[in-house]
Amino acid sequence: MMAVTLIGEDIKTKAGLMDQMQHPFGLPDYFGKNWDALWECLNEYYYTKNQHCKITILDSEALIGKHREQTISFFQDLTSHWEKRNESDRSGNRFEVEYL
C-alpha cells in the first residue's frame, strides 16, 4: 500500500498541493501541476503500480484555503473512479483519502 501524509497548513495553494503530490507518487518532471494532469497521473499509477493508495491530510481545515472544496471534490471523484475500475477489473486497488 502507498501511504502519503500531507499537512494542510503546509499547502497554501493549488500549486503547493501539486508539489506535495509529485514526489510521493513519482509523478514525472513534465507533470503539468493542474487538476487534469494530476487525474491522468494518478490513474496511470492505478494501472502501473497495482496497489492501494491512501492519502491522509492532517490539519485539513487549513488545506489550501479557497481551493479546499475543489480539492475535496477532486479526491472524491478520483476515489469513486477507482472504485468503478476495481469493480470491473477486480484488482483490489483503492484510492482513499482521510481528512483529519
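The following exercises, each with a worked solution, introduce the structure shown above.

The structure is a predicted model, in which local features need pLDDT of at least 70 and side-chain atom pairs count only at pLDDT 80 or more, while totals for chains, interfaces and linings use all residues. Residues are numbered from 1 along each chain as its sequence is written, and side-chain values use heavy atoms, with hydrogens and water left out.

**Exercise 1. Confidence**

Task: State the mean pLDDT of the chain, and identify where confidence is lowest and where it is highest.

Solution. Step 1: pLDDT is the predictor's confidence in each residue, from 0 to 100. Step 2: the chain has a mean pLDDT of 85, and 95% of its residues reach 70 or more. Step 3: the lowest confidence belongs to α2, with a mean of 84, and the highest to β2, at 92.

**Exercise 2. Secondary structure**

Task: Determine how many helices and strands the chain has, and give the pattern they follow along the sequence.

Solution. Step 1: helices (H or I, at least four residues) and strands (E, at least two) are DSSP runs, numbered from the N terminus. Step 2: the chain holds three helices and three strands. Step 3: their pattern along the sequence is β-α-α-β-α-β.

**Exercise 3. Overall dimensions and surface**

Task: Compare the radius of gyration of the chain with that of a compact globule, then describe its box, burial, contacts, surface and charges.

Solution. Step 1: the radius of gyration is taken over C-alpha atoms, and the globule rule is 2.2 Å times the number of residues to the power 0.38. For 100 residues, a compact globule would have a value near 13 Å; the chain has 13 Å, which agrees. Step 2: along the principal axes, the C-alpha atoms fill a box of roughly 35 × 30 × 20 Å.

Step 3: a residue is buried under 20% relative accessible area, exposed over 50%, and partly exposed in between (1.4 Å probe, protein chains only). Of the 100 residues, 42% are buried. Step 4: contact means heavy atoms within 4.5 Å. Among contacts between residues at least 6 apart in sequence, 66% join residues at least 24 apart.

Step 5: accessible areas come from the Shrake-Rupley method with a 1.4 Å probe, and for residues only the protein chains shown count as cover. The chain exposes about 5800 Å², of which carbon and sulfur atoms supply 46%. Step 6: Lys and Arg count as positive and Asp and Glu as negative, without His and the chain ends, and each charge is placed at NZ of Lys, CZ of Arg, CG of Asp or CD of Glu. There are 11 positive and 16 negative side chains, and the centres of the two sets lie 2 Å apart.

**Exercise 4. Positive phi angles**

Task: Locate Lys33 and Asp59, and explain what deserves attention in the phi of each.

Solution. Step 1: most residues other than glycine have a negative phi. Step 2: Lys33 is not a glycine, yet its phi is positive, at about 55°. Lys33 belongs to the loop between α1 (14-22) and α2 (35-49) and is partly exposed, with a relative accessible area of 34%. Step 3: Asp59 likewise is not a glycine and has a positive phi of about 55°. Asp59 sits in the loop between β2 (53-58) and α3 (68-89); its relative accessible area of 37% makes Asp59 partly exposed.

**Exercise 5. Buried residues and their contacts**

Task: Decide whether Arg68, Ser60 and Gln22 are buried or exposed, and list their contacts beyond four places in sequence.

Solution. Step 1: Arg68 lies in helix α3 and counts as buried at 17% relative accessibility. Its contacts are Ser60, Glu61 and Leu63. Step 2: Ser60, in the loop between β2 and α3, is buried at 5% relative accessible area. Ser60 touches Arg68, Tyr99 and Leu100. Step 3: Gln22, in helix α1, is buried because its relative accessible area is 14%. Its contacts are Leu27, Pro28, Asp29, Phe31 and Lys33.

**Exercise 6. Separation in sequence and in space**

Task: Give the C-alpha separation of Arg68 and Thr13, and of Asp77 and Lys33.

Solution. Step 1: Arg68 and Thr13 are 55 residues apart in sequence and 9.3 Å apart in space. Step 2: Asp77, in helix α3, is 44 residues from Lys33 along the chain, and their C-alpha atoms are separated by 18 Å.
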